[in-house]
Amino acid sequence: MAPKHQPTIRQRRLGAELRRLRESADMSAPRAAELLGTDRTNISNIEAGRYGISEDRLRRLLSIYECDDEELIDALASMTGGRRNGWWEEYRGKIPPDFLDTSELEHYATSLRSVQTAHLPGIFQTEDHARALFDMFIPALPRLEVELRIAHRLARHARIADEPGIPYVGLIHESALRMQVGGRNVAKAQLTRLLEEGERDNVTLRVIPFSAGGFPMAGDSVMYAVGPSPHLDTVLVDSPLGAAFFHSSTQLANFRRRLDAIEQVALNPEQSSDAIAEIANDL
């Protein structure tokens, strides 16, 4: 099978989990390759996401590793078969791959938790708000790329709005709510949009007020994507330098504890809605 020059986050995640299972079985790559009837290079490329693997060969490999977690086995089997033709693929090569990894991660997650301290969640941004953000880039982005980034960002909203909408908990710092990106009118429309989104049964928005003081991950932009198996949870940390993904059991446990700690200092959903409405009314 030909190698993938740019594996997606889902392909890399599958490979990383297969490596974890091999190491948990205390088995070397050469020995795994021998038992599977292939060579060590193929095992390394599969674990790096550069090569795909068929469902039959994956199930055989997991049997070799003596994995008996049926939920995990079925979840990994659903990840085989190479790159899926998700809606985001039409943007490949046109916008940064981190954007596509984000939408792919959202698409396959069973629920999402996020914390935003400087920006509002991209999945809820209005067209005008997103355009104002992308127009602030230095050096300026080409106009076509700006429009493609906006179109991609708006398309992500379907994961929330389409039935059944994915459960989403968003923790948003007051500073992000008060930042008038695009000017007063754009900011007011964006806050109104947030209030509307918070009315969805699957969406919970909670405000971290200035009065909360310091808290874990202050300054970070984090999304915790829950997978079909606990082993397949993934965390995305976004920054101006690009996205970073974390999925080791220790890292996941630490991120869950940090998010839980932030929820302890955030306003409840009703108080949060009132706070957003008050900020909007002040504009």
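Q: How many bridges join β4 to strand β5?
A: This is a predicted model. In it, β4 and β5 (residues 234–239) run antiparallel. One facing pair is Tyr224 and Val235 in β5. The number of bridges joining the two strands is five.

Q: Which residue in β4 stands opposite Ser114?
A: Strand β4 also pairs with β1, in the antiparallel sense. That pairing spans six bridges. The residue in β4 that stands opposite Ser114 is Met223.

Q: Why is β4 described as largely enclosed by the rest of the structure?
A: Strand β4 covers residues 221–226. The description rests on burial, which means a relative accessible area under 20%. Strand β4 is largely enclosed because its buried residues number five of six.

Q: Is Ser221 buried or exposed?
A: Ser221 belongs to strand β4. Its relative accessible area is 18%. The cut-off for burial is under 20%. Ser221 therefore counts as buried.

Q: Which side chain makes a polar contact with the side chain of Ser221?
A: Leaving aside residues up to four places away in sequence, Ser221 touches Val115, Gln116, Leu236, Val237 and Asp238. One of these contacts is polar and links two side chains, at 3.0 Å. The partner of Ser221 there is Gln116.

Q: What distance separates the C-alpha atoms of Ser221 and Leu236?
A: Along the chain, these residues are 15 apart. Even so, Leu236 is among the residues that Ser221 touches. Their C-alpha atoms are separated by 8.3 Å.

Q: In which sense do β1 and β2 pair?
A: Strand β1 takes in residues 111–116. Its pairing with β2 runs over five bridges. In one of them, Leu112 is matched with Tyr168 of β2. The sense of the pairing is parallel.

Q: Which residue in β3 does Tyr168 stand opposite?
A: Strand β2 pairs with β3 (residues 203–208) as well. That pairing is parallel and has six bridges. Strand β2 itself is mostly covered, with five of its six residues buried. The residue in β3 opposite Tyr168 is Val203.

Q: Which residue does a cis peptide bond join to Ile138?
A: Most peptide bonds are trans. This one is cis, with omega about -5°. The partner lies in the loop between α7 (127–135) and α8 (143–155). That residue is Pro139.

Q: What is omega near for the peptide bond from Glu163 to Pro164?
A: Pro164 is found in the loop between α9 (158–161) and β2. The bond that leads to Pro164 from Glu163 is cis. Its omega is near -10°.

Q: What is phi of Glu66 near?
A: Most residues other than glycine have a negative phi. Glu66 has a positive value instead. Glu66 sits in the loop between α4 (55–64) and α5 (70–77). Its phi is near 60°.

Q: Is Glu66 buried or exposed?
A: The relative accessible area of Glu66 is 68%. The cut-off for the exposed class is over 50%. Glu66 is therefore exposed.

Q: Is Met217 buried or exposed?
A: Met217 lies in the loop between β3 and β4. Its phi is positive, near 65°. Its relative accessibility is 11%, and burial means under 20%. Met217 therefore counts as buried.

Methods
Residues numbered from 1 in each chain as written. Predicted model: local features only at pLDDT ≥ 70, side-chain atom pairs only at ≥ 80, totals over all residues. Heavy atoms only, no water. Helix = DSSP H or I, 4+ residues; strand = E, 2+ residues; numbered from the N terminus. Buried < 20%, exposed > 50% of the residue type's maximum accessible area, 1.4 Å probe, protein only. Contact = heavy atoms within 4.5 Å. Polar contact = N/O pair within 3.5 Å; in protein donor to acceptor, adjacent residues only side chain to side chain. Pairing = 2+ DSSP bridges.
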